[in-house]
Amino acid sequence: MTTQSQLLQDIIDTHQNVTSKAFNPMEQSGITVRKAMPTYCSTSMLASAFAPPKVSLVMTVYNNEATLSEVLESLLAQTFTNWELILWDDGSTDGSVAIAQTYAQQDNRIRFYQGDRLGLGPALIKAHTYTKGEYVGWVN
């Protein structure tokens, strides 16, 4: 079983191999390439990239086309960024699904799930099963 530290070391090793001359086909073909400054980061910095979010936010949507973009823009404008949003569509029949999918594609902190009409309580319970954060909040 691969541990997180082994995975992080594999990423570092791969980065070092890719940036070495032996793996640069442009230089091997005689073309002069201007190299970028190498990027160094600690194992702890890489570990934080793989860590679960501190806060999971759960939001259920049912025919909220008129206000959904405004709510999502408000979340994205927050100064605290260590969060994920579980966005559950509860069988919308308007343009809510398209809006939610667009935001989920643009920001990997937003995870979109689409289901049949369950009602608020069951939809919240279902959405909550996807949370990964230490703390959970509800966006209403």
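Helices here are DSSP runs of H or I with at least four residues, strands are runs of E with at least two, and both are numbered from the N terminus. With that in hand, K132 is easy to place: the residue is in the loop between α6 (120-128) and β4 (135-138).

Some ground rules next. This is a predicted model, where local features need pLDDT of at least 70, side-chain atom pairs count only at pLDDT 80 or more, and totals for chains, interfaces and linings use all residues. Residues are numbered from 1 along each chain as its sequence is written, and side-chain values use heavy atoms, with hydrogens and water left out.

**The overall layout**

The protein chain has six helices and four strands, running α-α-α-β-α-β-α-β-α-β from the N terminus. Of its 140 residues, 31% count as buried (buried is under 20% relative accessible area, exposed is over 50%, partly exposed is in between, with a 1.4 Å probe and protein chains only). Contact means heavy atoms within 4.5 Å; among contacts between residues at least 6 apart in sequence, 76% join residues at least 24 apart.

**Two loop residues**

D107 also has a loop address, between α5 (96-106) and β3 (110-115). Here's how the pair stack up:

| Residue | Relative accessible area | Status |
|---|---|---|
| K132 | 53% | exposed |
| D107 | 15% | buried |

Leaving aside neighbours within four places in sequence, K132 is in contact with P52, P53, S56, E84 and R111. Take P52: this residue is 80 residues from K132 along the chain, yet their C-alpha atoms are separated by 5.9 Å.

As for D107, its side chain makes a polar contact with the side chain of R109 at 2.8 Å. A polar contact is a pair of N or O atoms within 3.5 Å; within protein, one must be able to donate a hydrogen and the other to accept it, and residues adjacent in sequence count only if both atoms are side-chain atoms.

**The nonpolar cores**

A nonpolar core is a set of buried Ala, Val, Leu, Ile, Met, Phe, Trp, Tyr and Cys residues joined through side-chain atoms within 4.5 Å. The largest one has 17 residues, and M59, L72 and I110 are among those with the most contacts inside it. β1 (55-61), α4 (68-76), β2 (83-90), α5 and β3 each supply at least two residues of this core, with the largest share, five residues, coming from α5. Apart from it lies another core of six residues, including V58 and A123.
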